[in-house]
Structures are given as C-alpha cells and as structure tokens.
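This report looks at the surroundings of a ligand and at one strand together with its neighbours. Please keep the sequence and the structure at hand while reading.

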Amino acid sequence: MNLDELYGALGLDPAALRRGDFPVTSPIDGATIARLAADSDADTEAKIARGAGAFPAWRDTPAPRRGELVRLLGDELRAHKDALGRLVTVENGKILAEGTGEVQEMIDICDFAVGLSRQLYGLTIASERPGHRMMETWHPLGPIGVITAFNFPVAVWSWNFALAMVCGDPVVWKPSEKTPLVALACQALLARACEKFGDAPDGLLEVVVGGRETGTLLVDDERLKLVSATGSTAMGRVVGPRVHARFGRTLLELGGNNAMIVAPSADLDLAVRAILFAAVGTAGQRCTTLRRLIVHDAVRERLVDRLKTAYEGIRIGDPLEPETLVGPLIDRAAFDSMQATLGRVAADGGRVFGGERSLGDRHPDAYYVKPAIVEMEAQTEDVRTETFAPILYAIGYEDFAEAIRIHNDVPQGLASSIFTNDVREAETFTSAAGSDCGLVNVNIGPSGAEIGGAFGGEKETGGGRESGSDAWRAYMRRATNTINYSRALPLAQGITFGEG
Ligand code: NAD
C-alpha cells in the first residue's frame with residue numbers, strides 16, 4: 001500500500017494533504033510526506049468556538065447514548081487497525097507491532113469507556129438531619145483541550161477522548177507538530193462513526209494543527225474547562241500555572257525517569273527480557289522507558305554482560321519491516337540531545353557501550369542509533385534528567401534501603417519496577433515507604449501499561465491520571481446535593497437560628 005492509498009483507506013484526501021506549508025516528515029527516511037495547512041489564531045479560535053457550541057447538546061445527551069458513539073468509534077478503529085497502525089509507524093517511526101499495538105490500546109479504551117457510560121456513579125451519603133437525603137451527582141465539565149506528545153500520537157488522545165465523550169465533553173485537540181497526520185486520520189474515522197450515530201452535534205472533535213504557540217491558545221482559553229497536556233516537564237511547567245491562573249483544571253502527563261531494581265534473588269532470564277523491551281522498545285522514546293537500572297552488586301556484572309550480548313543482537317532499521325526491533329529517533333534534535341548526554345556522562349566517568357549512529361550512509365536525513373548502556377558509579381545530574389533516547393544507566397547497590405533511596409532520588413515519578421523473589425522486598429517496594437511513582441510493578445518492567453489502571457505519575461511527572469480506574473472524574477464536575485423531604489428545616493450541626 002503506497003502512502004496515498006494509506007491516506008485514502010483512512011478517509012483522508014491525499015491532495016488536501018499537500019496544499020499547505022506545514023511540512024510533515026517521516027523519521028524513517030526524513031522524506032516529506034505531507035504539507036498541511038496550519039491553523040491560524042483565527043482558525044483555532046473558530047474551532048474552540050465550535051467545540052464550545054457542541055457542549056449543550058452533548059451534555060444533554062444521555063451518557064449511555066454518548067457511549068454508543070464511542071462504541072462506533074471502536075468499530076472504526078477495529079476495521080482500520082492495520083492502516084492507522086501503519087500511519088503511526090510512518091509518521092512517528094515506532095515499529096509496526098507497536099504502531100498497531102497503539103491502535104489496539106485505543107480500541108481497549110473505547111471498550112472501557114462504553115461500559116463506563118453506564119457507570120458514572122455518585123455516592124449516596126447518610127444525612128445527620130431527619131427527612132434528608134444526600135447524594136453526589138456528576139455532570140459534564142465542558143469543552144476540554146487536549147495537547148499531546150509525538151511519542152504516543154494517537155493512544156493518549158484516545159484515553160482522553162473516549163472518556164471525555166462519555167462524560168459529555170467536546171474535545172479540541174492539538175496534536176504534536178511532529179505527528180499531526182494521525183490526528184487528522186482519527187478525526188476522519190470519528191466522522192464515519194458520527195455518520196452512523198446519526199445526531200451527534202458538530203464540533204465534538206476539533207483538531208488544530210500547529211506548534212506550541214497554537215497550544216498556548218488552548219491553554220489560555222477560558223472556555224476550555226480542562227487542559228489535558230502530555231509532554232515534557234518543561235511544557236508542563238508553563239502550561240500548569242497558566243491554566244490555573246484562569247482557574248481552569250489541568251491533567252498533566254509529563255516526563256519520566258523510570259527505574260528497575262534488580263535484587264540478588266531476581267529471575268535474571270525474565271529480567272533481561274523485561275529490560276530489553278522497556279529500555280530499547282520504541283527506541284527509548286516512551287514516557288515509561290526504562291532509563292535507570294539499579295542492580296545489586298552480586299549480580300551487576302553478570303546482568304550487564306548479558307544485556308550487552310542481547311543489545312548486540314538487536315535489529316535496528318526500517319520500522320515497517322517485521323524483524324526490526326528498534327526504529328529511528330524522531331528527529332535530529334533527539335539524536336543531538338542523546339549524543340550530548342553520552343558525551344557528558346562519559347566525562348563524568350560513565351563507561352559507555354553503544355549509542356553510535358547507525359544506517360547514516362543509507363539514510364542521511366534519518367537518525368537511527370544503537371541503544372546505549374552506561375555503567376555509572378553514581379547517580380549524576382545527567383542520570384537524574386530525562387534524555388528522550390535509548391540510554392540505560394546501570395548503577396550498583398549493596399543494600400535494599402540504598403536501592404530505594406537511589407530509586408526515589410530523581411525529580412520525576414512516573415513508572416518503576418523491581419525484579420525480586422523476596423516477598424519482603426516486593427512488598428516494601430509497593431508500600432508507602434517504597435517507590436514514590438504512580439506506576440509500581442513487580443517482576444515486570446516499568447513500561448507497557450494496560451488501560452484498566454489509572455496511568456500517570458507524581459512529582460515532576462505532573463500528578464495527572466488518565467485512562468482506567470476512576471480517571472473519568474477529571475472530566476466531570478461533582479455536585480453534592482442535600483434534599484429535604486421532611487416538613488421541618490433542621491440545621492446541620494444542631495444550630496438553632498431565630499426559632500422560638
Ligand atoms: P513536548 O513537551 O516538546 O511537546 C508536547 C506537546 O506540547 C506538543 O503538542 C507541543 O506542541 C506542546 N507544547 C509544548 N510547549 C507548549 C506550551 N508552552 N504551551 C502549549 N503547548 C505546548 O514533548 P514531546 O517531545 O512531544 O514528547 C516527549 C515528552 O513527553 C517526554 O518528556 C515524555 O516523557 C513525555 N510524555 C509523557 C507521557 C506521560 O503520560 N507522562 C506520555 C507521553 C510522553
């Protein structure tokens with residue numbers, strides 16, 4: 001299937017994708033694959049207005065009926081899983097298995113949200129006053145803004161969108177400037193679902209194409225009651241305070257610096273496989289990528305040697321080919337940042353294995369790298385910083401308390417894991433005294449979360465939670481109701497006020 005056929009299969013008009021001056025390149029070979037029309041400030045304003053205009057009708061649509069639209073979107077995603085997964089690979093560079101895996105994650109959240117549309121439960125609460133009843137009701141919040149990163153260009157949108165739809169909130173989406181095509185494809189698939197649905201209001205999903213300045217328009221717009229923003233901590237530092245300054249809500253999903261502790265009792269065969277997927281999968285460009293290996297001195301050398309052997313066997317190359325495990329970095333800036341970090345950690349005494357550019361002769365405009373392992377004696381500032389590339393630092397430890405201290409001694413708090421067969425260590429790691437992250441795993445790696453759980457992290461990761469569990473509450477407003485069905489007016493706390 002050539003590119004135009006792929007666009008066509010997803011409901012996009014190939015000619016319309018070449019009319020603008022906003023270039024989209026494929027990290028596979030650096031080729032320009034589209035020239036989109038970027039949204040001006042006025043276009044963005046009009047799209048926010050359309051989202052706001054859709055709110056009253058969607059708010060008043062019963063939640064299970066709203067769920068029906070999400071069910072239809074899930075059907076479209078099932079029917080177009082291969083095509084959309086392929087476009088994710090072409091535009092983002094992740095391998096095809098991960099591109100289609102991302103679409104499967106979208107299908108999963110749609111299924112979850114359909115069920116949720118009949119389960120937006122509030123509590124009933126015992127009242128201290130006779131003849132009174134208290135309850136909570138959950139109402140749609142309003143139109144919301146969703147800003148996404150390049151590395152999960154469609155799944156993160158779907159986590160937000162599927163929940164926002166059943167919760168009654170239209171969405172204005174600004175995808176990453178590096179991956180706007182897949183966003184347009186999602187919008188086209190939703191349009192098909194809306195057609196089958198029948199009476200969905202216009203404006204349930206508006207996509208704005210542009211960079212961070214366009215994002216700023218969403219951040220500052222009072223009509224958008226929630227801004228759900230995924231990306232770097234640097235972005236969150238700007239977005240969070242700006243939205244809060246207008247008393248908007250935020251859901252921030254920011255950078256991670258994820259670790260695994262490998263204890264002496266660990267099953268090393270399992271650990272090696274888990275490390276490989278978590279550290280080199282998606283070319284190290286997952287927010288949950290394993291970046292720090294905190295390994296007991298008794299097994300450190302053995303484990304690092306096995307990893308080096310495994311790294312030698314990794315196939316790096318075209319992500320569309322089935323044998324490839326590691327595709328390209330997103331762009332030159334990512335490559336430069338990786339090389340600069342490797343230079344600094346080597347100067348700090350780190351022993352660097354791998355990390356060189358690969359396939360540069362065949363693809364001068366694409367940036368493939370050999371994943372790197374760096375043995376460190378200490379957790380330096382560079383180790384404490386997220387470099388969004390496949391660099392795995394290996395640090396030794398002697399006792400378990402030290403391992404936990406090193407683990408938590410970073411500003412980020414997204415994903416974490418431990419490999420151990422010692423139940424005391426496993427339980428301590430998941431306890432309040434253990435990992436300080438939002439995702440805390442035992443005997444699996446830190447990446448590859450399922451949609452059923454709430455996803456997100458603490459500290460500089462931003463504190464947001466998306467996807468499963470009760471993350472839907474972020475997209476609704478809660479009202480506490482007290483209903484008096486008696487013929488008297490007793491006051492709470494036994495207060496008497498002006499009664500004879
Ligand atoms: P980025 O911060 O460069 O950009 C993310 C998005 O924010 C883009 O759409 C960008 O245009 C927009 N943006 C940037 N600055 C903005 C501003 N001041 N106002 C409004 N919008 C702004 O991130 P990236 O390079 O696309 O993605 C990689 C980063 O995202 C990594 O740090 C990674 O850990 C993080 N990430 C986190 C999660 C999570 O769930 N915690 C998931 C995916 C990615």
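The text below turns to the ligand and then to a strand and its pairing.

The model is predicted, and the descriptions that follow should be read with that in mind. Around the ligand there are 31 residues, and those that come nearest are Ala 149, Gly 215, Gly 231, Glu 253 and Cys 287. Two elements, helix 8 (212-220) and helix 9 (233-245), give two or more residues to this shell, and the largest share, 4 residues, comes from helix 8. When the shell around the ligand is sorted by class, it holds 13 nonpolar, 13 polar and 5 charged residues.

How many residues of strand 16 are buried? In this strand, which covers residues 391-397, 7 of the 7 residues are buried, so strand 16 is largely enclosed by the rest of the structure. The burial concerns both faces of the strand, since Ile 391, Tyr 393, Ile 395 and Tyr 397 lie buried on one side, while Leu 392, Ala 394 and Gly 396 lie buried on the other.

Strand 16 is also joined to two other strands, and the table lists these pairings.

| Strand joined to strand 16 | Bridges | Direction | Residues facing each other |
|---|---|---|---|
| Strand 11 (residues 290-296) | 5 bridges | parallel | Leu 293 and Ala 394 |
| Strand 15 (residues 372-376) | 5 bridges | parallel | Met 376 and Ile 395 |

Two residues of strand 16 thus appear in both descriptions: Ala 394 is buried and is the bridge partner of Leu 293, and Ile 395, buried on the other face, stands opposite Met 376.

Technical notes. Residues are numbered from 1 along each chain as its sequence is written. This is a predicted model: local features need pLDDT of at least 70, side-chain atom pairs count only at pLDDT 80 or more; totals for chains, interfaces and linings use all residues. A residue is near a molecule or strand if its C-beta atom, placed from the backbone, lies within 6 Å of it. Ala, Val, Leu, Ile, Met, Phe, Trp, Tyr, Cys and Pro count as nonpolar, Asp, Glu, Lys and Arg as charged, and the others, Gly among them, as polar. A residue is buried if 20 or more other C-beta atoms lie within 10 Å of its own, exposed if 12 or fewer, and partly exposed in between; C-beta atoms are placed from the backbone. Two strands pair if DSSP finds at least two bridges between them.
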